[in-house]
Amino acid sequence: MEAPPVTVMPVTGGTINMMEYLLQGSVLDQALDSLLHRLRGLCDNMDPETFTDHELVYLLKGQQGNPFILRARRSLSHPTAPWHLRYLGQPEVGDKSRHALVRNCVDVGTSHNLPEFLNEMGFRMDHEFVANGHIFRKGVMKVVVTKLSRVLQPGNTDNLERLSLSYLVELSVLAPAGQDTVSEDMRSFAEQLKPLVHLEKIDPSKQRH
């Protein structure tokens, strides 16, 4: 099934309707400490925020075309915090001058019965995973370094299997439509992280779940 690149941004605040500018890359486990050291020197917060989140991906299949995808996420570190419901639009294509992938992002906080609500609406849970890692900030930019783990038994976040021997690295900005100059700032920042990690504008046509 064709789908947009997966983003694993943690549940830190909500946005109603913004554009997400995104660059992605990865580092092997053994290179993590070097990357975190570099980010501490470049970013505003020397001590990164940490997170552990559980995300469930729901599909609603229509009569034709790709299914409608919604993402429900909760914090395992802060169980009383609101759930978050996130919709990620199809990446905008055509403007090759942009240095980052751009797509619509809707993110709202919800009550804890979000999974039940989605089931009642006809959505089907497709897969789930646990994401844990670190968050750095540089002005309006956010850098998230994440380890992804597969949930082996539905709903049991204690029974996990790591998906790879690497960490996902995402550089993102949430901004109103038309703020394309932020992608230039992102490109400049990404250059400072080389050769530890190469952050790229991922081609969505090459991404698969």
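**Exercise 1. Strand pairing.** Find how many bridges join strand β7 to β9, and state whether the two run parallel or antiparallel.

Solution.
- Step 1. Strand β7 covers residues 141-153, and five bridges join it to β9. Two strands pair if DSSP finds at least two bridges between them.
- Step 2. The two strands run antiparallel.
- Step 3. Take one bridge: Val143 has Leu171 in β9 as its partner.
- Step 4. Strand β9 spans residues 166-175, and nine of its ten residues are buried, so the rest of the structure largely encloses it. Buried means under 20% relative accessible area, exposed over 50%, and partly exposed in between (1.4 Å probe, protein chains only).

A note on the source: this is a predicted model, in which local features need pLDDT of at least 70, side-chain atom pairs count only at pLDDT 80 or more, and totals for chains, interfaces and linings use all residues. Residues are numbered from 1 along each chain as its sequence is written, and side-chain values use heavy atoms, with hydrogens and water left out.

**Exercise 2. Layout of the chain.** State how many helices and strands the protein chain has, and in which order the elements run.

Solution.
- Step 1. The protein chain has three helices and nine strands. Helices (H or I, at least four residues) and strands (E, at least two) are DSSP runs, numbered from the N terminus.
- Step 2. Starting at the N terminus, the order is β-α-β-β-β-β-α-β-β-β-β-α.
- Step 3. The protein chain has 209 residues, and 46% of them are buried.
- Step 4. Now take the contacts in the protein chain with a separation of 6 or more: residues 24 or more positions apart account for 71% of them. Contact means heavy atoms within 4.5 Å.
- Step 5. The accessible surface of the protein chain is about 10900 Å², with 52% belonging to carbon and sulfur atoms. Accessible areas come from the Shrake-Rupley method with a 1.4 Å probe; for residues, only the protein chains shown count as cover.

**Exercise 3. The nonpolar cores.** Identify which residues touch the most other members of the largest nonpolar core.

Solution.
- Step 1. A nonpolar core is a set of buried Ala, Val, Leu, Ile, Met, Phe, Trp, Tyr and Cys residues joined through side-chain atoms within 4.5 Å.
- Step 2. The largest nonpolar core has 28 residues, of which Tyr21, Leu39, Leu171 and Phe189 touch the most other members.
- Step 3. At least two residues of this core come from each of β1 (15-28), α1 (32-42), β7, β9 and α3 (182-192).
- Step 4. Look at Leu171. Not counting residues up to four places away in sequence, Leu171 touches ten residues' worth of neighbours, among them Tyr21, Met141, Val143, Phe189 and Leu199.
- Step 5. A second, separate core has nine residues, including Leu70, Ala72, Trp83 and Phe123.

**Exercise 4. The aromatic cluster.** Determine which residues form the one aromatic cluster, and how each pair is arranged.

Solution.
- Step 1. The structure holds two aromatic pairs. Rings of Phe, Tyr and Trp (its six-membered ring) pair if their centres lie within 6.5 Å; planes under 30 degrees apart count as stacked, over 60 as edge-to-face and the rest as tilted.
- Step 2. Phe68 and Tyr87 are stacked, at 5.3 Å centre to centre and 15 degrees between the planes. Phe68 is in strand β3 (residues 68-75) and Tyr87 in strand β4 (residues 83-88), so this pair ties together parts 19 residues apart in sequence.
- Step 3. Phe68 and Phe123 are tilted, at 6.2 Å centre to centre and 55 degrees between the planes. Phe123 lies in the loop between α2 (114-120) and β6 (124-138), so its pair with Phe68 in β3 ties together parts 55 residues apart in sequence.
- Step 4. Phe68, Tyr87 and Phe123 thus make one aromatic cluster.
- Step 5. Check the exposure. Phe68 is partly exposed at 38% relative accessible area, Tyr87 is partly exposed at 27%, and Phe123 is buried at 9%.

**Exercise 5. Two lysines.** Locate the charged end of Lys147, and decide whether Lys142 is buried or exposed.

Solution.
- Step 1. The charged end of Lys147 sits over the ring of Tyr167, 4.6 Å from its centre. The criterion is NZ of Lys or CZ of Arg within 6 Å of the ring centre and within 35 degrees of the ring normal.
- Step 2. Lys142 is in strand β7. Lys142 counts as buried, at 14% relative accessibility.
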